[in-house]
Amino acid sequence: MTDPEPHDFEVLYRNTAKVPWDTKAPKETVVEWQQSGLVRGDVLDIGCGLGDNAIYLAQQGHRVTALDVAPTALITAERRAIDAHVDVRFAVSDATELAGYTEAFDTVVDSGMYHCLDDADKARYAAAVHRATRPGARLLLSAFSDANARDREWPRPQVSEATLRATLGDAGWEITTLESRTVSLEDLEDDEAVFWYVVAERGSVR
């Protein structure tokens, strides 16, 4: 098994009865960002998957657009939003392009999207998100750290601090918070992983 490429996720959602990260609840980090007042204005949930983070943020009163590369995931996400009686705008989109979105958002929430990309696409993603946001926008990002041991049975992406700083900085994002935490994984019993947690502000492109 290898780290998934973006185009593999549609196959995964179609062929897997339950994807490993489907907890049917928002990620604790997203709840923490919201409760800390970091989420504001029009929100983009990028790589939204089955929609639980987007639904939670809509329940908090935000206008939310939720994008994913996998159409099958969005079918479930839309159904969950209807059941939760919230309005979320779901759409299929390539996170490295974000075609049709220019200065549209005040906050971008990325709960595990960035680390799914190779280094070239990480750079394209950071630039695309910059174009899609308004001046003063905020990027809230969590990603697997390269501090995790490599595991053949459960391979995880490896993201270094240098890669985060380079790709975000070159695209015009100014990192205000970058911390590493070891957390229990909600989707794997008795397992832990090290994550990067990033808060970045939209600056000018260099």
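Student: How much area does the chain expose, and what share of it do carbon and sulfur atoms supply?
Tutor: The model is a predicted one. In this model the chain exposes about 10,200 Å². Of that area, carbon and sulfur atoms supply 47%.

Student: What percentage of the residues count as buried?
Tutor: The chain has 206 residues. A residue counts as buried under 20% relative accessible area. The share of residues that count as buried is 50%.

Student: How many helices and strands does the chain have, and in which order do the elements run?
Tutor: There are six helices and seven strands. Read from the N terminus, the order of the elements is α-α-β-α-β-α-β-β-α-β-α-β-β.

Student: Among contacts with a separation of 6 or more, what percentage comes from residues 24 or more positions apart?
Tutor: The contacts considered are those in the chain with a separation of 6 or more. Residues 24 or more positions apart account for a share of 69%.

Student: Is Thr-96 buried or exposed?
Tutor: Thr-96 is placed in the loop between strand 3 (88-92) and strand 4 (105-111). Its relative accessibility is 6%. Because the cut-off is under 20%, Thr-96 counts as buried.

Student: Which side chains make polar contacts with the side chain of Thr-96?
Tutor: One polar contact, of 2.7 Å, joins the side chain of Thr-96 to that of Asp-94. Another, of 3.4 Å, links the side chain of Thr-96 with that of Arg-124. Arg-124 also appears among the residues that Thr-96 touches beyond four places in sequence, together with Leu-117, Asp-121, Tyr-125 and Ala-128. The partners in the polar contacts are thus Asp-94 and Arg-124.

Student: Why does Ser-142 count as buried?
Tutor: Ser-142 belongs to strand 5 (residues 133-144). Leaving aside neighbours within four places in sequence, its contacts are Trp-33, Asp-110, Ser-111, Gly-112, Trp-196 and Tyr-197. Ser-142 counts as buried because its relative accessibility is 4%.

Student: What is the relative accessible area of Ala-54?
Tutor: Ala-54 lies within helix 3 (residues 52-59). Apart from residues up to four places away in sequence, Ala-54 touches Asp-45, Val-64, Ala-66 and Val-88. Ala-54 is buried, and its relative accessible area is 0%.

Student: What distance separates the C-alpha atoms of Ala-54 and Val-30?
Tutor: Along the chain, Ala-54 and Val-30 are 24 residues apart. In the model, the separation of their C-alpha atoms is 9.5 Å.

Key:
Residues are numbered from 1 along each chain as its sequence is written. This is a predicted model: local features need pLDDT of at least 70, side-chain atom pairs count only at pLDDT 80 or more; totals for chains, interfaces and linings use all residues. Side-chain values use heavy atoms; hydrogens and water are left out. Helices (H or I, at least four residues) and strands (E, at least two) are DSSP runs, numbered from the N terminus. Buried means under 20% relative accessible area, exposed over 50%, partly exposed in between (1.4 Å probe, protein chains only). A polar contact is a pair of N or O atoms within 3.5 Å; within protein, one must be able to donate a hydrogen and the other to accept it, and residues adjacent in sequence count only if both atoms are side-chain atoms. Contact means heavy atoms within 4.5 Å. Accessible areas come from the Shrake-Rupley method with a 1.4 Å probe; for residues, only the protein chains shown count as cover.
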